[in-house]
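The following note sets out points for a colleague who is reviewing the model shown below. It deals with backbone geometry, helix packing and internal spaces in turn.

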Amino acid sequence: MTRRILTIALDTPLDSVFDYRFSPAGDDRSAPQIGQFALVPFGRREVIGLIVDIKQTTDVDDARLRDVIAIRTQLEPVGHDWIALCRFAADYYQRPLGEVALPCLPKYLRAPKTVALDRALKKIDQLVVAGEPAQVRRPELNAEQRAAVDAISGSSGFQAHLLFGVTGSGKTEVYLHAAERVLQHEAMQGRTAQVLILVPEINLTPQLESSVRARFPQLMVTMLHSQLAEGERLRQWIAAHQGRAGIVLGTRLSVLASLPALRLIIVDEEHDPSYKQQEGLRYSARDLAVWRAHQQRIPAVLGSATPSIESWQHAQTGRYRLLRLSQRAAANARLPQVGLIDLERHKAPDGLSPPLVAALRERLERGEQSLLFLNRRGYAPVIHCDACGWISNCRRCTAFMVLHKPERRLRCHHCSLEVRVPVSCPTCGNVDLQPLGRGTQRVEEHLQTLFPEARILRIDADSTRRKGSAQAAFEAVHRGDVDILLGTQMVAKGHDFQRLTLVGVINPDTALFSQDYRAGERLFAQLMQVAGRAGRAGGAEGAAPVGEVLLQTRYPQHPLYRALLAHDYVGFAESTLAERRAAGLPPFVFQALLRAESKTLQTALDFLQQARGLMDAEGIVLNDPVPMTITRVAGVERAQLLIESTSRPQLQAFLKPWVQALRQLKSRLRWSLEVDPVDI
Ligand code: ADP
Ligand code: ZN
Ligand code: ZN
């Protein structure tokens, strides 16, 4: 019984499992195992695949059956439950298994040569955790934090907890204590244990990493995110895979890490849109985290000051257990005072109204920090010619070219096309081209003239292009080297800035009238979050709140802003849920979106129309194909077809054969399917 047939999953777009013949070489007697990685020939290449089955026979013709080249025996196989996780994701998101299981692995693990793998394994063996059993300082938990930690560590088997805690309420402490309890409990039973902590953005990892390392000096802590160098990424992955890493901290992709001793999953800022992968396998890391906890029969903790409407709904129906932190944790810290500046009364020709400028000046005089939030990078979103009406359209997209003044460029944020700023109007020659609207660069310029003595720092995707520059910028803010911090949503998320007492929001109104039904939810979360950066350190006992938030708007009566003034997430969530129920929107229906791309819009629409006619099913609504909001990107026309059902199982049952039928069409155009789409 020396010859065997191995079924191997490969990263290929159609069916992704293939049979190969395995004959042990020479005196090698080790039997192959499910979960091992194997190098196999595929076409004219050699690629790494995952062994998912071992059998004696195959339907494949003997003449066509090819041989396994090598098995990566130096690495322990991944667990059956990891394969089951990939299989679930593949089924649910309608992708082949290999396209799920392989791309999430470190590149060096998928290399035909083993040099990098062998080196990484050797390095791991030499690794000793350097930490001392030093004094670990743990703050005394308050009653709500304690109740939350007790609930998490007291739950048996699977339980999803929604940790709903206002900004600054000390959710991180709850995570750390819950992790510590789980690790200790398992250690007492002589078992190793692993805790997975997901964060929405790489820039938030350094802060959390240092808290985690300080709290667990004797534990191996690994980081998994897309900015690691490949060798490093492989080492971190192996540390997790071998169960050596007690805590694994990472961005969304780490939900697919191999974690043999997983005992607790934490998803920080669970509402954050970055948990949704927007290309390839379009998965939700939060949803997979909950599935994984269920599979492992362990607790999951989803934390947020503004939970996603879906999670809030689950907490209402009792599927998730609701844990509340209603107050700020640091001594005397209270939620900031939120005020609205009515732009009908206070003109803001340069983006900053007089009351906001006065508030900034006050902070400068007191030596405190301010943060200005404007979710639009560049100098101006468009330039135009007054004389003839020319406007800076992108020639490849239905979008404007954005003016980047310091770089003297016009850039399209959709296709990355870049041109020099024209010195005169391309159609009439007028030299007086005007920027319209404003982005962070323009506000920065204005701030510099208003406060020439202030230390102003802009943080956005443009200012942090170089590797490490974002972290350096945030460190400068933490050190107190910055008076006014200005930025996009990069600055809004979970940072714990201790000296920041003022948050100004420059132009939030545009999102109020978006076609996207989720825009309101997203705006509310973003504003609560950025507001939550103010006044975290607390002041004197009995004094007024030290944090102030000023929001410039033309619609001071809008219900979203009224809810914000009152820090009323619950009211906002309840009214949003009522609206969604009435309108038949998620979470009351389940959706999938088929997108098609083509040189002409008609071809894309025709394809979708054809797809729509392929099959009918009970309880499934196939809407009319429509062009996407930004129809053309990089010269490609895009259209979409929305599929809806009030039953998730029904939707899933429809999608599987439908996707098969779509593949049979062998259409030349590019299409993709997204289950639970977020941008419609
Ligand atoms: P959140 O993530 O909920 O916004 P953090 O976890 O960043 O809040 O905590 C906010 C601040 O409160 C931090 O500076 C933290 O050190 C402090 N803190 C947390 N828990 C306590 C506690 N029990 N006693 C005193 N300070 C605390
Ligand atoms: Zn002109
Ligand atoms: Zn473009």
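**Notes on backbone, helix packing and voids**

1. Pro 587 is located in the loop that runs between α16 (569-583) and β24 (590-598). The model is a predicted one, and in it the peptide bond that leads from Pro 586 to Pro 587 is cis, with omega near 5°. Most peptide bonds are trans. The reviewer may wish to inspect this loop, which connects α16 to β24, with the cis bond in view.

2. A second backbone point concerns Arg 297, which has a positive phi of about 55° although it is not a glycine. Most residues other than glycine have a negative phi. Arg 297 belongs to the loop between α8 (285-296) and β11 (299-304).

3. Helix α8 also takes part in a helix pair. Helix α1 (residues 80-92) and α8 have axes that come within 11 Å and cross at roughly 140°. The two helices are therefore oblique to each other. In handedness, the crossing of α1 with α8 is right-handed. On the α1 side, the contact is formed by Asp 81, Trp 82, Ala 84, Leu 85, Phe 88 and Ala 89, which meet Leu 288, Trp 291, Arg 292, Gln 295 and Gln 296 in α8. Classified by residue type, the contact of α1 with α8 has 7 nonpolar, 2 polar and 2 charged residues.

4. Another pair consists of helix α4 (residues 143-154) and α5, whose axes come within 9 Å and cross at roughly 40°. The crossing of α4 and α5 is right-handed. From α4, the residues in contact are Gln 145, Ala 148, Val 149, Asp 150, Ile 152 and Ser 153, while α5 supplies Glu 173, Val 174, His 177, Ala 178 and Arg 181. This contact of α4 with α5 has 5 nonpolar, 3 polar and 3 charged residues.

5. Helix α5 (residues 171-188) packs also with helix α6 (residues 205-215), at an angle of about 40° and with the axes 11 Å apart. That angle makes α5 oblique to α6. The crossing of α5 and α6 is right-handed. Thr 172, Glu 173, Leu 176, His 177 and Glu 180 of α5 meet Leu 208, Ser 211, Val 212 and Arg 215 of α6. By class, this contact of α5 with α6 has 3 nonpolar, 3 polar and 3 charged residues. Glu 173 and His 177 are among the α5 residues that meet α6, and both are also among those in contact with α4.

6. Turning to open spaces, the second largest pocket holds about 540 Å³ of space. It is lined by 20 residues, of which Pro 103, Leu 253, Gln 277, Glu 279 and Tyr 283 are the closest to its centre. The lining of the second largest pocket comprises 9 nonpolar, 5 polar and 6 charged residues.

7. How many cavities of 30 Å³ or more does the count give? The count comes to 1 cavity of 30 Å³ or more. The largest cavity contains about 40 Å³ of space. Its lining is formed by Cys 104, Leu 224, Arg 233, Trp 237, Leu 253, Ser 254, Leu 256 and Ala 257. These lining residues divide into 6 nonpolar, 1 polar and 1 charged. Leu 253 thus serves two spaces: it is one of the residues lining the largest cavity, and it is among those closest to the centre of the second largest pocket.

Technical notes:
Residues are numbered from 1 along each chain as its sequence is written. Chains are lettered from A and ligands numbered from 1 in the order in which they are written. This is a predicted model: local features need pLDDT of at least 70, side-chain atom pairs count only at pLDDT 80 or more; totals for chains, interfaces and linings use all residues. Side-chain values use heavy atoms; hydrogens and water are left out. Axes are lines fitted to C-alpha atoms, for helices over the stretch in contact, and angles run from 0 to 180 degrees between N-to-C directions. Helices (H or I, at least four residues) and strands (E, at least two) are DSSP runs, numbered from the N terminus. Angles under 35 degrees count as roughly parallel, over 145 as roughly antiparallel, 65 to 115 as roughly perpendicular and the rest as oblique. A crossing is left-handed if the near helix is turned anticlockwise from the far one by less than a right angle, and right-handed if clockwise. Contact means heavy atoms within 4.5 Å. Ala, Val, Leu, Ile, Met, Phe, Trp, Tyr, Cys and Pro count as nonpolar, Asp, Glu, Lys and Arg as charged, and the others, Gly among them, as polar. On a 1 Å grid over the protein atoms alone, a cavity is a set of points where a 1.4 Å probe fits but cannot get out, and a pocket is an open set with protein on both sides within 12 Å along at least five of seven lines; lining residues have an atom within 4 Å of a point. Grid points are joined across faces, edges and corners, and a volume is the space filled by probe spheres set on the points.
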